[in-house]
Amino acid sequence: MRRSGFVLCVLLLGASHPAEAADEPRALIERALKAMGGAEAVKQQVAVRSKFNGKSHVRGQGEALSFQGEAWEVGQRCKLSYQTDIAGSKIAVTVVFDDDNSWFVTNGQFLAFDKDQIEQQRNARHVDRVRDLVDLLTDKGFALTPLADLKVDGRAAAGLKVSYKGRPDTNLYFDKETGLLAKYAFRTKRFLDKKEGLLEMILSDYREPNLASADEKILRAAQVDTAGPALVAFVRQQTPDKAALDRVRTLIDKLGDGTFQVRKQASRDLVAAGSIAIPLLREATKNKDAEVVRRARECLQRIGERSGKAQVSAAVRLLALRRPKGAAEALLNYLSAADANVSDEVRAALFNIAHVEGKRDPLLVRALRDKDQRRRAAAAAALGEDGGDYARRPGRRVIPRPFKIATKAVRYVDGKKEAEIEHSEFQFFNAFEDKVFAKP
C-alpha cells in the first residue's frame with residue numbers, strides 16, 4: 001500500500017550513506033512490517049484519499065510558508081492538489097504523476113512533465129515501493145546491505161541500504177526500540193531546477209488511520225449521538241414512510257397536469273414536503289416532460305439544502321464501521337429517501353456489512369426478492385449476486401485491515417530542513433475513476 005508517498009510528486013528528492021554492517025537486513029524488514037500490522041495489511045491494494053498540511057522552509061523566503069491540500073493515490077498513480085500563500089498571493093497547485101501522462105497546473109497554467117521530470121518521478125515511485133518494505137522480501141532484484149547504526153531524532157536506529165538496477169540506492173533506518181522505519185534517504189534531482197541533492201525524510205507519529213473521526217465531528221456538531229444504536233435510530237428518523245413517498249410521487253406527476261392551478265399547487269406542496277422530496281425531485285429533472293423538469297428544478301431551488309445530507313452520509317459511513325444490530329435494515333429502508341451521492345454511501349456500507357461471521361446477512365438475502373427494485377439491486381450488489389459488477393466498480397469505499405502509518409514527516413535536503421508535513425483524514429476505496437487523474 002502506498003502511504004503518503006505523494007509528497008515526492010512535487011517536492012525535492014534525495015540520499016545514501018556508506019557504513020559498517022549491523023543488523024541482519026531481512027530481520028529488520030520483518031520486524032518493521034510486524035510493527036505496522038503485518039505484511040498482509042501493509043500490502044493491501046487500495047486507493048487512498050487523504051488531507052495534508054504543513055510548512056515549507058523555502059531558502060531566502062524568510063518565514064516558512066504554510067500549505068494544505070488533498071491527495072489521491074492508487075498503484076503508481078498519484079494526484080495532489082494544494083494551496084499556499086506567498087507574499088499575499090494565493091497559489092493553487094495540482095500535480096498528477098501518471099507515468100507519461102504526468103502534468104501539473106499552477107494557478108490555471110497547465111504544463112506537462114518533460115522527460116527528465118518523468119524519470120525523476122519514476123525514481124520517486126520506486127522509493128515509495130522500497131519504503132513500503134513488502135517487495136524487499138519477495139523481489140530478488142533488490143540487494144540488501146547492512147549499514148552502521150546512527151541516531152534519528154536522538155534515537156538509535158539500525159541502517160540498511162537497498163539497491164536495484166537502474167534506480168537510486170535508498171537507505172532505510174529502523175528505530176531500534178519500536179522496529180518502525182524512522183528515516184529513508186536517497187540522491188536525486190530537484191523537480192524544477194534539476195540540481196542533484198540528498199533527500200532525507202524523517203518519519204514519526206505512527207498510528208492507525210482513524211476512519212471515524214471526521215464523521216464523528218460532523219455528527220457531534222449537529223448534536224447527534226455517534227454510538228452504534230443511536231446511529232441506527234438517527235438513520236431511521238431520516239427515512240420517510242411509504243405513504244409520504246407515495247404522496248411525493250403523486251405530486252410530481254401533477255407537475256405535468258394540464259391545469260395550471262393543479263401544477264401550481266403541486267409545486268407548493270412539494271416545497272412544503274421539504275427534504276423527503278429532494279431525491280424524487282432530482283429524478284424528476286430527467287423527465288421527458290419539459291414542464292415537469294422546470295417545476296422540479298424550481299422546487300429544488302426553493303427547498304434548498306435543508307436535507308442534512310452531510311449528517312446522514314456520516315452516519316451511514318459509521319454504521320459500516322461499527323456494524324450495530326439493525327444497521328442493514330436501516331440502510332436498506334433509507335435507500336428510498338437517498339439521493340445519488342448518499343445512495344453510493346449506502347451501497348458501500350451494505351457491501352461492507354453484508355457478511356456476519358463469514359455468513360451472508362439474512363436480511364440482505366431476503367431483500368434479493370424484495371418488491372422494491374432499489375432494495376433488490378442494493379442487496380444483490382452487497383452479496384455479489386450481480387456478477388461482481390459493483391465490487392469492481394471504481395469509487396467503492398472500503399474498510400482496510402488495520403495498519404499503522406507515519407502521519408508526520410520532516411524533509412531535509414543536503415542537511416537543511418525544507419518541509420514539515422502532516423497527514424490526516426484518510427479514506428480508502430477499491431479504486432479511483434480515471435477522470436481523477438485526467439488532464440484539465
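Rings of Phe, Tyr and Trp (for Trp, the six-membered ring) pair up if their centres lie within 6.5 Å; planes under 30 degrees apart count as stacked, over 60 as edge-to-face and the rest as tilted. We're working on a predicted model, where local features need pLDDT of at least 70, side-chain atom pairs count only at pLDDT 80 or more, and totals for chains, interfaces and linings use all residues. Residues are numbered from 1 along each chain as its sequence is written, and side-chain values use heavy atoms, with hydrogens and water left out.

**Exercise 1.** Work out which residues share an aromatic cluster with Phe52.

*Solution.*
- Start with the total: the structure holds nine aromatic pairs.
- Take one of them: Phe52 and Phe67 sit 6.2 Å apart, centre to centre, with 55 degrees between the planes, a tilted pair.
- Place the partners. Phe52 belongs to strand S1 and Phe67 to strand S2 (residues 65-74), so the pair ties together parts 15 residues apart in sequence. Strands here are DSSP runs (E, at least two residues), numbered from the N terminus.
- Check burial (buried is under 20% relative accessible area, exposed over 50%, partly exposed in between; 1.4 Å probe, protein chains only). Phe52 is buried at 5%, and Phe67 is buried too, at 10%.
- Now finish up: Phe52, Phe67 and Tyr82 make one cluster.

**Exercise 2.** Find which lysine lies over the face of Trp72, and which over Tyr173.

*Solution.*
- Apply the test: NZ of Lys or CZ of Arg must be within 6 Å of the ring centre and within 35 degrees of the ring normal.
- For Trp72, it's Lys79, at 5.0 Å from the ring centre.
- For Tyr173, it's Lys183, at 5.4 Å from the ring centre.

Definitions and conventions:
Helix = DSSP H or I, 4+ residues; strand = E, 2+ residues; numbered from the N terminus.
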